[in-house]
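Hi,

Here is the structure I promised to pass on. Have a look at it first, then read my notes underneath.

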Amino acid sequence: MWRGFWTLVARAARGPRSPRSCTRQGSGAPVPGSGATIFALSSGQGRCGIAVIRTSGPASGHALRSLTAPRDFPPARSACLRLLSHPRSGEPLDRALVLWFPGPQSFTGEDCAEFHVHGGPAVVSGVLQALETEAQRRQALRQLDGELGHLCRAWAKTLTKALAHVEAYIDFGEDDNLEEGVLERVDSQVRELELALSAHLRDARRGQRLRSGAHVVVAGPPNAGKSSLVNLLSRKPVSIVSPEPGTTRDVLETPVDLAGFPALLSDTAGLREGVGPVEQEGVRRARERLEQADLILAVLDASDLASPSSCNFLDTVVTPAGTGNLKENSQRLLLVLNKSDLLPRGDPDPSPNLPPHLLLSCLTGEGLDGLLEALRKELAEVCGDPSTGPLLTRARHQHHLQGCLDALGHYKQTKDLALAAEALRLARGHLGRITGGGGTDEILDIIFRDFCVGK
């Protein structure tokens with residue numbers, strides 16, 4: 001169960017034209033008959049095939065109607081398949097079984113509703129609007145709708161046709177029934193498919209980040225405000241904040257929603273030399289996390305840019321990022337100058353010679369909107385944007401697409417037509433593990449359709 005209950009509170013008097021609004025209350029359960037409506041994940045936390053969300057209270061009917069509009073209200077105590085949509089934006093959330101239990105004939109004696117949704121964390125959180133991110137939920141729905149399946153079926157159709165034409169050439173190539181250029185067209189189709197598969201597999205790492213979260217590491221010299229930034233972005237006191245340098249000595253990690261993308265946010269020890277063994281171990285771990293980061297939030301004190309620790313950080317972390325020398329070219333960096341509230345008002349940017357950067361005050365929150373927009377753009381590059389097309393978030397899909405691509409490589413290398421046909425058959429088999437189909441009857445249908453054989 002979630003910590004505490006979520007409460008729907010009636011905003012107007014009862015009646016057919018009096019909608020109820022949703023507000024959050026404390027962790028105490030409402031008193032039955034108080035006019036409040038509670039809802040919670042009743043099937044328990046964790047991954048599962050189906051998750052059940054239940055509501056109880058007078059606003060249950062309105063909640064059910066809001067999520068399932070414009071479809072008819074489901075009959076009492078009957079499971080109905082409905083598309084759940086966001087009440088305000090109208091954006092699809094999930095396809096779910098819904099049930100309506102009007103009181104007093106329900107397990108609480110009040111009006112109750114159940115939503116049996118797909119059990120992935122992104123789908124559940126999209127319905128509850130609580131924990132997971134909108135980007136994950138959109139991607140989960142795109143795969144549920146079969147968008148990746150549509151793409152793979154188009155590739156499978158191309159491969160099936162290519163295989164049928166090669167088989168036809170092997171069996172009937174000595175006759176005059178086949179038009180010229182059959183194998184050349186197959187070669188062209190295979191090249192195009194190779195390019196498409198390669199491009200999609202290059203996005204596989206981004207799809208995995210979208211599924212499990214990008215690794216965002218907050219790094220900088222001591223007392224730059226790293227812990228304050230982590231607390232600000234996570235909206236909770238994850239790290240101890242103190243004016244004393246070196247407060248953070250280990251890596252503190254917390255899962256967060258950054259501008260609509262899932263991320264694992266890491267607070268690290270301030271990077272400096274000549275400290276005690278415990279803090280030095282923290283510095284070593286911080287540098288290790290920097291190597292693993294998908295995105296680095298490099299934090300400097302805007303009022304102390306000339307200090308040796310700031311200059312050393314610029315030289316060893318920030319400058320290599322600008323020249324593409326960080327681990328892999330895919331690693332990205334945002335430079336944040338914190339404590340902008342300490343700068344004189346009305347003065348121009350105190351650091352015009354620095355690489356591109358953002359001014360921020362963790363104390364006042366000034367500059368936070370700009371940072372969140374920059375994070376959104378960076379994480380869209382790191383995780384991929386599910387609105388532009390389906391991303392590979394499943395290792396099984398990636399395995400079979402890579403197997404298909406490898407088989408196409410064997411096709412290009414072989415000079416023997418029988419081996420070439422076998423390579424295409426293997427490639428088609430990998431796609432079949434995702435889409436199904438591709439049997440002998442399908443191949444024969446294409447041969448008899450495209451060529452004047454057996455007629």
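Below is what I found in one sheet and two helices that pack on it.

First, the small print: this is a predicted model, where local features need pLDDT of at least 70, side-chain atom pairs count only at pLDDT 80 or more, and totals for chains, interfaces and linings use all residues. Residues are numbered from 1 along each chain as its sequence is written, and side-chain values use heavy atoms, leaving out hydrogens and water.

The sheet is open and mixed, with six strands in the order β9-β10-β8-β11-β12-β13. (Helices are DSSP runs of H or I with at least four residues, strands are runs of E with at least two, both numbered from the N terminus; strands pair if DSSP finds at least two bridges between them.) Its edges are β9 (252-258) and β13 (357-359), each pairing on one side only. β9 runs antiparallel to β10 (261-267), with seven bridges; P255 has L264 in β10 as its bridge partner.

Now the helices. α7 (226-234) lies across β8, β9, β10 and β11, at about 155° to β10, while α10 (368-383) touches β8, β9, β10, β11, β12 and β13. (Contact means heavy atoms within 4.5 Å; axes are lines fitted to C-alpha atoms, for helices over the stretch in contact, with angles from 0 to 180 degrees between N-to-C directions.)

α7 and α10 also pack on each other, at about 75° with axes 12 Å apart. That makes them roughly perpendicular (65 to 115 degrees; under 35 is roughly parallel, over 145 roughly antiparallel, the rest oblique). L229, L232 and L233 of α7 meet L368, L371, L372 and L375 of α10.

Cheers
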